[in-house]
Structures are given as structure tokens and as C-alpha cells.
Amino acid sequence: MSRARVRFAASLLLLGATVSALTAQPAKPVSEEIVHEVAAQLRCVVCQNLSVADSPSEMASQMRAIIRERLAAGESPADVQRYFVDRYGEWILLAPPRRGFNLLVWLLPFVAVGVGLAITAALVWRWTRRRRGVRPPPPAVDPAMSERIRREVQSGR
Amino acid sequence: MTADLGFGMTLVALGLALYGGVASAVGARTGRPALVESAQHAALGVFALITACFALLAYAFLTFDFSVRYVATNTNLGTPFYYRITAVWGALEGSIILWSWMLGLYTLILIVRHRDSARELYPWALATMLGILAFFLVVMTVAAPPFQRQVPVPADGRGLNPLLEDTGMITHPVALYLGFTGFTVPFAFAMAALITGRIGDAWLVLTRRWTIVAWYFLSLGLLIGGWWSYHVLGWGGYWAWDPVENAAFMPWLTGTALLHSVMIQERRRMLRLWNISLVILTFGLTLFGTFLTRSGVIASVHAFTQGSIGILFLGFLALVLLTALGLVAWRWEALRSQGELDSVVSRESAFLLNNVLLIAAAFTVFFGTVFPLLSEAVRGVKVSVGAPFFNQVNVPLFLSLVFLMGVGPLIAWRRASLENLTRNFLWPVALGIAAAAAAFVLGVRSLLAAVTFAATVFVAATIAVDFVRATRARLRTGEALLPAMGGLLRRHNRRYGGFVVHLGILFIVLGVMGSHAWSVQTETTLKRGETAELAGYRFRFDGLTAVEESNHFKVVGAFTVSNGRVLDVLRPAKKFYPQEQAPIAYVDYRLGLTEDIYLVLGDFTRDGTQATIKLQVNRLVSWIWIGGVVLTLGALLAILPERHKIA
Amino acid sequence: MKRLWRWLIPLAALPVLALLAYGFRVSPRDIPSPLLGRPAPGWALTTLEGAPLSLGAHRGKVVVLNFWASWCYPACYEEAPVLERNWRGYRDRGVVVVGVDIQDKQEAAEKFVRDLGLTFPIARDLKGTVSVDYGVYGVPETFFLDRQGRIRVKHVGAVTDDVFRATVDRLLAEAGSP
């Protein structure tokens, strides 16, 4: 091969290598924080009510390793979550997904506060209205009585 | 022999309790004080018998009497002395004895305190207490007999659950149960009031101190449970929104609402219907709590067992709720008060808002706890409702309550004038805003943390404003400083006790906020001699040692912690108990005022050259425990007998 | 009419009590698997002796995939003889029993196999990826795969002779190309 061709081939190779390096998924260094965030949403399957992030059990530790691997391979946190839900069902999410029937548990507390406030407001309105209610005007003073009072007050001074 | 004697005593106690309940009720109905007297004697007998059962069981534990099945299951020859005593209430059967014993104790105190002071209500209250006591004795005889025989008698027992080998085990159940059972007494008086029709304020005034005491012990039990979880269970947290934790939290929430709404009834003679319903609801929730712990209906860390006991508890809960609420419906007309409020801007309104928020929070916790069951019933799909849900939904409610804590004590009764509002709240609001700004300047970027911090400063400022103003008023009369402050606390102990309790809550809020917003953690595998770094600390893995203890085998890791200079050597361990399937992680920690360092040992290699550890630096958690101490002082101050009756 | 509204209060307690009573009929530990009917995830592990073992190698046979651990007492100890017995009985009929040991130590696993005389292929899931792939949340759990490699039955808890034979017979009887 002529030198020009060799250089040409070499530069093609170099170009190819650079392009593939740029387009390939690099092994992303995954911060423990993201692993913790994802793991905190998943239920540890051998514990009672602990998250995968919190649980000291071996199974949880293995699950965290799986999360770490998948995130490093380029999956998004949502993908990782979906992977677990595919295998364990909705049960593995520590908070029920906000869809369909589950909306009941997410909304009902606020509805309860709203209802409570509405009832309280209605009661308070009724109670303050009663207080502010019409008071009968003080009876008119008889003029003779008022003169007598004036005389007695003056004499008492 | 022990087993038969114990069983016999339980049966006799049950008989006496049933007799006493009926006798007291009949005596009240027919106006025969002699019958009520005999019921009192029966109550005394019940308490004596339950105490004897307790002592007998403790004796069986101390002497390694494995012929009693309960002893054989919960202890073995290696169990240390003091844990053998606390193991008495370490499992289901013992917990029922503890509960019954406390009910018996409270019944006696009720007799001594109220036998002469509440002639009409007393016999019915006594009958209710004995009736409830009888139920627990039925559970003790039928569903969870502590004195069942173990045949053949084993040479060694199974052993105590290693997680229970801790000082928290001694205090947590005791405090919690004192709280739970404490709410039985207000309930008993509420029933007495409903049955006799004397639904005025007498029954409420009588039970005020009971409510505070019960509420305090419940708070204490919850806090000790949090402490226990934090330093034993190895996950670095103190509250997991576990169903059984929730079951204890719900009566605490309604109990707090009750503590505040009774003040409205005392001052303004309003909300009778509401208060009586709240008492019934709180007691019902305590029963719900024991049901949840023991029925296995919802999976939980605490669940003792499943079986017939769940059905018994559910049945009793149904009986109590339907009877009590039925009585409320029956007395509806008499209970409804002609409420009157002077103004929307008043302390009454603040207390009403407080109640709405607390009940909403209790409802949230309740619905979240039972939702998995509902989802399965309706959709056939199992879902989990855990910490992320509860934290998200409850935070706005609790934050609002913190704000209210600052407003309520200072805003005027009846009608708060503009002058009253500015005088009391100008400084606190200004300081709150300044605090939020300071937080922002110091680098706090979480809105929630900043708002929470502002709220706590606001409330603390309101407490300070009130105290300073009141002390100044006293100083003007010529009193010296310390006597002025002391006199203030003593004379108005209810008010200032409340303030101190609020201060304790503030510290707890700070601790919760700090731990959620600013804690960091990481997990890493280290070879011997390698170091990991977190939050300015360096952790060097020094090696593993294996230790043989009396009833378990322990692998301890040594980690040197330094931040420039060597601070400590922490030794998290893994304990292997023969009766447990998986090893128990034993954390080691270094507590501080602003930071806790927390280490959990994970996997390790056989030769001890490599270990995986979970590192945590938790911020401000110690303020939760400090808050608990302050809360205790406040509660003690609040229940002191009053020097002068407040006009 | 107004007088009757008040009785709603005690009646309001009834739905809650009914829900709690419903709780007795279901077990909170009983979680249905979403993998039923779907192709079983493939895997490749090594046996206790160090030989390669993969799921793909057994395509076309009915596979009884059993997850166990030596610390799983007493259930795994109860079902191991059942599995061994049925392995010997069915192995010539196109059925293979495969064990996967999870969260265990090599010596403990070897001791288990030795003490109970197990001869079916057993691999160790060192990193736990296979157990998570199958949605395993405890031991023992057994998956019955049909000849097409789909998960047909998931059995939680110790397998008994009845369960084994009934399920395997049913899967063997199904027509279908391997």
C-alpha cells in the first residue's frame, strides 16, 4: 500500500474510532445519591415496609447493586423502576402510582381537609351570626323617671 | 403446676371482672350503693390476681421454667438476666398481661380518686372499666393464654428475638401501653355521661388530667420507639410509617386534638358533641392499634401473630364503636350546643382549625394504612403505601399545625382586635421572615426547609414574647427576676406547661427537618486499610474480629473515624443467632448535637480483608430526643395541681 | 326525617369494620406474580462444582425452577427431598429440576446439597440478578415453566408431592413443539 493510502486508512480508522467513542454509551459514573433516590422509592421485598435504600438486608443490598448497574448502563430512573414493577407488580413501589383507583388515596386526604374546613367555616359563620344577631333595642326611658334620676344623682353629689 | 395455677388465677380474675362490671351497672341503675361497693372489692381482687399472674410468669422466666410454652419460646439458657424479665412482655401473651395489669391499675386509681367526687358518673365508669378489663381477660384465657404447658419440656428454650435485647424493650411497650390504656378512663367517663344523661362539663373536667397523662405516655412511647428504631434496627431512621407505628400515631393525633378542643368546652361550653365523639374515636383507635398489631391483617414489622385473636379484637372493636356511637346518636339532641362565637379571628377559631388539621392528618394516616386492603378488595391488586406517600401528604398538614402552634396561645379569646394581633405577632412574624432570609443566605435552597425553619422561629418567638411580657409585668410589681419567672410558671402551670410542650415539639420538628433535608449517605466496599469519605469525615476500615457471646456469635468491624484528627473507632457488627434465619445488623454510631455518624456493616469476606459498609451522616436527629425531654418537663408542669383556680 | 340522620354516625363505622374483616380472608404476604404466562427470563450461572448452567440449555423440557437457601429453615429442608424424589422420577420424561441458591455461602450450600443428597443441577445466584429477574421475594419459591419456556405456575413456600406432580403432569400433557 502506498504511504498516502496508509495514512488515509489510518485517518479513517481514527475517525471511525472517534465517532464510535462519541456515539457509544459510556459507562456513566453513577452517583450514590441517584441510586439512593431510586432505591428509596422501591419496597424492600424481604423487610416490612422499609425501602430498598434503607434496608440493611442482603437482598436489598443486591437490589441496590442491580439499580447501580442499570443506571450505569444508561437506563433512566424511570426505566429502572419499570423493570422492578414488571417483575414484582405495583406492590414494589412504596407509594402507589398516581393513576386510576390509586388517585383515591392521594386525593382523599385533601378532600377531607377541604370538607373539614368547609364544615368548620359554615359552623363558625352560623355561630358568629348568632352572636351578631339582632339584639332588642334598650327600652325607652320614661321621661319622669329620667328627671327623678337626675335629681337624685345631683342631690347625692 | 405453674401453668395450672396461672390459668386458674386468670379464670377467677375473669369471673370477678364480669361480676364487678355487672354489679356496678346494676347498682347504679337501681340505686344500691352496696352493689357498687362490692364491685370495688371485685376490682381490687382482679388487680391482685393479675399482679400475681404477672409475678408468676416473671418467676417462671427467671427460673428457666421451660415447662411453660411462653417461656420456652421467648428465652433460652443464654438470655441475660434483665432481658429475662423484660421478655415477660416481649411477645403476644405477655403484652396482653401487661395491658390488663395497667387497666387494673388505672381502675384502682379511678376508684380511689373518683369514688367520692363523681357520685353519679362513677359507678358507670367503673362498670365500663371492668367490662373492658373482662374482655382482655377473655383474650388471656381463650386466645393468648400465657400459661400453656410445653410438653415435652425442652432442655433449652428458643430465645428472645435479638432485636428486643435492648433497653428500649424495657421502656417502649410500658410507656406506649400506659398511654393506650390511659385513654380508657376518659372513655369510661364519656360512657357514664352518655348513659346517665349527665353530659354537661363535669365528666370532661374530671378526665382532663387523665387525658394529659395518657397523651404524654403515648408521646413518650412513640419517641422511645423512634429511638429504638434508630439505634437498633440498623437502617438509620426513626420512623418508617409502618402500619403499627401508624396505629399508635393515630390516637396520638386525635388525642392532641382532644387536648385542645376541651379547652374550648371549658371556656365557652361549646363542642360537647365533638369532644365526646373525639374521646370515643381516640379509644377506638387504641383498640384498632392492638387489633392491627395482633391480627396480621396488614403486614408489619411488629406483627405478633395471626389467628383467632384478630377476630376477638375486631369483634370487640365493633361492639365498642357501635355501642358508644349509638349512645351518642341517642343523646344527640342534648349534646348539641347552641354555639356562639364572637369573631372569626379568635382563639376559638385557631383551636377549631387545629382540630380540623389534626383529624385530617389522622384520617390520612388511617386511609393510607388500610388502602392496600381496600385496593385488594376492589381491584384485586396489591399496592404498597409507605413513607413516600405519608411524607408527601402529611407535610403540608403538619407545617400548618406548627404555624398554628404559634398563633393559638397568643391570640385572644372571643375576639382578637388588631391591637392584640400586632402586639403579639409583629415581632414573631418579623423574626420568622428574617429566619427564612438567613437560611437562604446560609445556603439553604430547599423551600420546605426554609419555611419550616421560619415557622419554628416564629413559634419560638411567640413563646418568648409571651413569657417576657408576663415576667416584665411581674417585675413591675417589685418582684425579683427568678421568683417572678418561677411564680409565673407555678401559678399558670397549665399555660406554661403547654408552652414548654410546644417548645419540645419545635425541637422535634427541627430534628425531623434536619434529618430529612440534610442527611447524606453512601455505600461502599473497602479493603482493609482503605478509606471512604463522607461529609468531611474519613472512615478507615481496620479489620474484622469474631466474638462468641452467651447466646450469639458476632462479627465486628472496626472503622476509624477522623475529620483531620481521629475522633473515634466505630464497631458495627453482624450478630448471628442460632434461632434466627438471617444475621442481625448491629449498628454503631456517634451522636452529636448537629450530626450523627452512623455505620451499618454489610457483606464481608470470610478472611476479613474486605467489607461493605453503609455510611450515614444524619443531621439534627439528636434534637428529636432533646425535644422529648423538654416535652416531658412541659407535661409534668401542666399536670401539677393548680394553686389558684383560674377565674 | 331529621331525627334519623344522627344514626348515620354509628352506621358509618360499619364499612370500616367490614373492610378489616375482609382482611382476614387475604394474606398480606401473598403477592401475585406479574410474570405468569410470560417467557421466563434467561440466565447463565455456574453450578456449585463450577460448571456452566443456563436456562437455554433446557429448552423444550418442562423446567421446575426452584429458588432456595441453606438458611431457609424449615421450608427448604422439607421440600428438598420432595424435589429430589420427583427429579429422579421424572427426569426421563423430559422434565428437569433446577435449583438456584440465593444469598448464601458456598460451604453452606455444599453442605445442604451433601446432607440432603440432591442430584439435580444447582447453581448459585451470586449477585441476586436472577432472583430479582424472577420477582423472587423470599425462599422457597418454585417456578414451573412449560416446554415453550413460559412461566406457568409460581408456587410460594415448600413444594409438596401433590403440587409437583399435578403441575408437571398438566404441563407434560400439553401438546406443543419443543
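These notebook entries record what I looked up in a predicted model.

**Conventions**

I worked with a predicted model in which local features need pLDDT of at least 70, side-chain atom pairs count only at pLDDT 80 or more, and totals for chains, interfaces and linings use all residues. Residues are numbered from 1 along each chain as its sequence is written, chains are lettered from A and ligands numbered from 1 in the order in which they are written, and side-chain values use heavy atoms, with hydrogens and water left out.

**Entry: chain B against chain A**

I looked up the contact (heavy atoms within 4.5 Å) and found 51 residues of chain B touching 40 residues of chain A. The buried area, meaning the accessible area (1.4 Å probe) that two parts lose on being put together, summed over both, is about 4,000 Å². Carbon and sulfur atoms account for 65% of that area.

I then looked up salt bridges, defined by a side-chain nitrogen of Lys or Arg within 4 Å of a carboxyl oxygen of Asp or Glu. The rule finds three across the interface of chain B and chain A. One of the salt bridges pairs A:R68 with B:E523, at 3.4 Å from N to O. For polar contacts I used N or O atoms within 3.5 Å; within protein, one must be able to donate a hydrogen and the other to accept it, and residues adjacent in sequence count only if both atoms are side-chain atoms. The count between chain B and chain A is 11 residue pairs, both residues at pLDDT 80 or more.

For the elements I took DSSP runs numbered from the N terminus: helices (H or I, at least four residues) and strands (E, at least two). On the side of chain B that touches chain A, at least two residues each come from α14, α15 (387-407), β1 (520-527) and β9 of chain B. The largest share, 13 residues, belongs to α14(B). By class, I noted 29 nonpolar, 13 polar and nine charged residues on this side. Here Ala, Val, Leu, Ile, Met, Phe, Trp, Tyr, Cys and Pro count as nonpolar, Asp, Glu, Lys and Arg as charged, and the others, Gly among them, as polar.

**Entry: chain B against chain C**

Here 32 residues of chain B meet 24 residues of chain C. The two chains bury about 2,500 Å² between them, with 74% from carbon and sulfur atoms. I found two salt bridges across this interface. In one of them, C:R6 pairs with B:E333, and the closest N and O atoms are 3.5 Å apart. Two residue pairs are in polar contact, both residues at pLDDT 80 or more.

The elements giving two or more residues to the side of chain B that touches chain C are α11 (272-295), α12 (308-330), α13 (332-335), α14 (347-379) and β9 (595-604). With 11 residues, α12(B) gives the most. This side divides into 21 nonpolar, five polar and six charged residues.

**Entry: C:R124**

I located C:R124 in strand β5 (residues 122-125) of chain C. C:R124 is buried (under 20% relative accessible area, 1.4 Å probe, protein chains only) and yet has no salt bridge. The nearest side chain of opposite charge (Lys and Arg positive, Asp and Glu negative, His and the chain ends not counted) is C:D101, 4.0 Å away. The side chains of C:R124 and C:Q106 are joined by a polar contact of 2.7 Å.

Technical notes:
Buried means under 20% relative accessible area, exposed over 50%, partly exposed in between (1.4 Å probe, protein chains only).
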